[in-house]
Amino acid sequence: MRFIDSHCHLDFSEFDEDRARCIANARSLGVTHLVVPGISLAQSNNLLTFTKQYPSTYISAGLHPYFLEQHQEQHIDELGDLIAANHDSFVAVGECGLDRSIGELEKQRSLFEAQIALANEFELPLIVHHRQSHDLIAASFKRCPPKFGGVIHAFSGSSQVGETYIKAGFKLGVGGTITYARAQKTQQALQHVGIEHLLLETDAPSMPLCGYQGQRNTTERIPNVFLALAALLQRQDYEALSEQLYLNCLAFLRK
Ligand SMILES: [Zn+2]
């Protein structure tokens, strides 16, 4: 079986001690590639060096709402310049999005819609972060429709919400969340929408799987996420299922 971790932050300092070992371990488990998202202008720039050092990584460029205080209006133009100069290196725009647990929703909205416009300009998919914000994201998509789809990272929500994203050209990122009993609504949504719309991810070092709470999450847990999804979908044909998920990710990356 082969896998791609469609969302992990392996460049974070949590991996400074053992990054190469994590990637090698994941590789031995069939994880051929990792997607490492941009979170700020400076870090997106740094990812260009990172991906040269770790050639099995795909990188994106974006301004994550968690780091809102660092982002300035001119960073959008600078992000555009960075993508224009390195168009072959960046596979997506993001991680961008809207998060109700963070303030300044108007600043968030303006940065998010500007990044949708960048994705459209450079013909790239989007990596979208959401938290209690499906309604706000829908409003932004209406004002500024993404033309090249993307992924709703760590999707949680009803099948109705999932289908709205799928109609807008998005895939749904499936991570450790589904291993928790409380994620019933999301589990039902994933059973409903069709596996051709799903991508595997860890969000390492965040989003630990059930049983690993309080520990650093790592990209080596992709097979565990896969097995949880297979159980949820009542599939035992692991080869066919993993291959479909692999091809879904290549389609998202347009590789
Ligand atoms: Zn993330």
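Are His7 and His9 buried or exposed?

## The zinc site

In this predicted model, His7 is buried, and His9 is buried as well. Both histidines take part in holding a metal: the zinc ion is coordinated by His7 through NE2, by His9 through NE2 and by Glu95 through OE, at distances of 2.1 to 2.2 Å. Along the sequence, these donor residues of the zinc ion follow the spacing H-x1-H-x85-E. Water is not among the atoms, so the site may look incomplete.

## The cysteines

How many disulfides does the structure hold? The count is zero, and two cysteines can be examined to see what this looks like in the model. Cys96 is in no disulfide, since its nearest cysteine sulfur, which belongs to Cys144, is 10 Å away, whereas a disulfide would need the two sulfur atoms to lie within 2.5 Å. Cys144 is likewise in no disulfide, and for Cys144 the nearest cysteine sulfur is that of Cys96, 10 Å away.

Cys96 counts as buried because its relative accessibility is 0%, the cut-off for buried being under 20%. Cys144, with a relative accessible area of 16%, is buried too.

## A loop residue, Lys147

Lys147 is found in the loop that runs between helix H5 (134–143) and strand S6 (150–152). Because its relative accessibility is 61%, Lys147 counts as exposed, a word that applies over 50%. Although Lys147 and Gly169 are 22 residues apart along the chain, their C-alpha atoms are separated by 8.1 Å in the model.

Technical notes: Residues numbered from 1 in each chain as written. Predicted model: local features only at pLDDT ≥ 70, side-chain atom pairs only at ≥ 80, totals over all residues. Heavy atoms only, no water. Helix = DSSP H or I, 4+ residues; strand = E, 2+ residues; numbered from the N terminus. Buried < 20%, exposed > 50% of the residue type's maximum accessible area, 1.4 Å probe, protein only. Donors = N, O, S within 2.8 Å, 3.2 Å for Na, K, Ca; no water.
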